Amino acid sequence: MAIRHAAYFAVLGIILASSRGLADDLTTTDGKIYKNYKVQKTDNDGITIQYTETVTIPFDSLPDDVQKKYGHDPDALSAELAAEKARIEAENQEAAKVEAGLDEQDQQIEPALARIKATATVNYATAPKVNLVGQILVVTQGGETIDFSGIHVGLVPMELINFFLPEKQARVATETRLLKPRIDRAQKNEDQALEGRAAAVGTDKFSETLDKESETHDILDTLIERQDYFTGGAYYADELAPWSVASATTDLNGKFTMPAPSSGDFVLTAKVESESGTTFKKYFWFVKIHLTGNTGANVNILLDSENLSSSGSDDSVFKTEVSGTP
């Protein structure tokens, strides 16, 4: 009986040692050896072991059999990555096709816009005038400083806006729809890259994961900047710029004077940019102006925080999102 008990405890010791990882040696793909290591935890990126110190080893630094031992299947991951790459390529091709169609639609309406502007330009030249006297002023927070001098202010006929707007708003909606899944995926990739970088601290993979994190961050930034271009007002400002019938430039105090027809409906457009440290903001105005025939009198207008296109004011011909990087 004593012999049987001794054999029993010997087997039990082997099982316990194996279950705790005390009898295992681990050799990574770069040849580093960890003897008698003990696994503390596993996650999506690798394993954390107790050696002479706590060490996190990414899965791609482990042999395939060790990866599978701890629930990571490199073959399945490769297949998943290939499928994800195919989905991305298909999505990008579809987006490029849709955007090409949108560019073509933009070109198709330009002749009609040109005709409207030609008529409006003639009407502007022959109409009795008033002085449109205005100022641009934004209430800022913190240390933001804005130079209000040299700002271009345009006067666009409302009939051109009415023709222009549905087409441009449809494009903004389509671009936003196309960008959303790409931004969501880019955010996920950046999050994973950040986790991978954290897991690789102290290993020879750290430089590689740092480059990957930087790459994913740049991709995400590019997509967010494109989204901001369409939703924040810059797209509308760029597209409207050629269609003004009159314009003015602000002085050092943000003030401007512009001859305008004494009657009719128009939209005043303006854009201001500011930068303070790492904060970059853009402000846009597309403000409705109704002139009522007061020949010889000045018409005063203030472009301020209340009638920004992002403020939701009824004075703005349409609404945009807040533009810039916080």
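Q: When does a residue count as buried or exposed?
A: Buried means under 20% relative accessible area, exposed means over 50%, and partly exposed lies in between. In this predicted model, arginine 171 has 6% relative accessibility, so arginine 171 counts as buried.

Q: Which side chain in helix α3 meets arginine 171 in a salt bridge?
A: That partner is aspartate 103, at 2.8 Å from N to O. Aspartate 103 lies in helix α3 (residues 74–126) and arginine 171 in helix α4, so the pair ties together parts that are 68 residues apart in sequence. Aspartate 103 is partly exposed, with a relative accessible area of 37%.

Q: How do I read a salt bridge inside one helix?
A: Start with the general idea: an α-helix has 3.6 residues a turn, so residues three or four places apart point the same way. Here, arginine 171 and glutamate 175 are four residues apart in helix α4, about one helical turn. Their side chains meet in a salt bridge of 3.2 Å, N to O, and both residues are buried.

Q: Where does glutamate 213 lie, and what does its salt bridge tie together?
A: Glutamate 213 is in helix α5 (residues 206–231) and its partner, arginine 197, is in helix α4, so the pair ties together parts 16 residues apart in sequence. Glutamate 213 is buried at 13% relative accessible area, while arginine 197 is partly exposed at 29%.

Q: How many salt bridges does the structure hold?
A: There are ten. Some share partners, joining residues into one network that includes Asp103, Arg171 and Glu175.

Q: Where does helix α4 have a kink?
A: Look at phenylalanine 164, shortly before proline 166: the kink there is about 35°.

Key. Residues are numbered from 1 along each chain as its sequence is written. This is a predicted model: local features need pLDDT of at least 70, side-chain atom pairs count only at pLDDT 80 or more; totals for chains, interfaces and linings use all residues. Side-chain values use heavy atoms; hydrogens and water are left out. The bend at a residue is the angle between axes fitted to the seven residues ending there and the seven starting there. Helices (H or I, at least four residues) and strands (E, at least two) are DSSP runs, numbered from the N terminus. A salt bridge is a side-chain nitrogen of Lys or Arg within 4 Å of a carboxyl oxygen of Asp or Glu. Buried means under 20% relative accessible area, exposed over 50%, partly exposed in between (1.4 Å probe, protein chains only).
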